[in-house]
Amino acid sequence: MKFNVADNCAIVINGKSDGQLSDLKPNDKLVFSYDEVNGVNVVSRIAPAEVQANSVATTPASAPMTGYLP
C-alpha cells in the first residue's frame, strides 16, 4: 500500500507525539492510523507497533495498519 503523510501527522517516539520522520529507522515495526480521502491513504499517526493508539473519533474508513518502514 502507498501512504501520504498528513501535514499534522503525529509521529510517536518514546511516548511523545512530536517525532519527525527522520526519527524512524529501517525495519521498525510501526502502526499507521490513516483515512482514505478520495482514494488516497492519508496517514495521521505513526507509532511503534507495541504502543496502542489512544481512542479518537474517526471516520468509518479509518483503520490502523501494522507494517515495517522500508
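1. In this predicted model, Phe3 has a relative accessibility of 23%, and therefore counts as partly exposed, since the partly exposed class lies between the buried limit of under 20% and the exposed limit of over 50%.

2. A search of the whole structure finds two aromatic pairs. In one of them, the ring centres of Phe3 and Phe32 lie 5.3 Å apart with their planes at 5 degrees, so this pair is stacked. Phe3 belongs to the segment before strand 1 (4-11), while Phe32 sits in strand 2 (residues 29-37), and the pair thus links distant parts of the chain, 29 residues apart.

3. On the accessibility of the partner, Phe32 has a relative accessible area of 13% and is buried, whereas Phe3 is partly exposed.

4. Phe3 also pairs with Tyr34, and here the arrangement is edge-to-face, with 5.1 Å from centre to centre and 75 degrees between the planes. Because Phe3 lies in the segment before strand 1 and Tyr34 in strand 2, the pair ties together parts that are 31 residues apart in sequence.

5. Is Tyr34 buried or exposed? With a relative accessible area of 12%, Tyr34 is buried, as the cut-off for that class is under 20%.

6. Taken as a group, Phe3, Phe32 and Tyr34 form one aromatic cluster, in which Phe3 is stacked with Phe32 and edge-to-face with Tyr34.

Notes. Residues are numbered from 1 along each chain as its sequence is written. This is a predicted model: local features need pLDDT of at least 70, side-chain atom pairs count only at pLDDT 80 or more; totals for chains, interfaces and linings use all residues. Side-chain values use heavy atoms; hydrogens and water are left out. Rings of Phe, Tyr and Trp (its six-membered ring) pair if their centres lie within 6.5 Å; planes under 30 degrees apart count as stacked, over 60 as edge-to-face and the rest as tilted. Helices (H or I, at least four residues) and strands (E, at least two) are DSSP runs, numbered from the N terminus. Buried means under 20% relative accessible area, exposed over 50%, partly exposed in between (1.4 Å probe, protein chains only).
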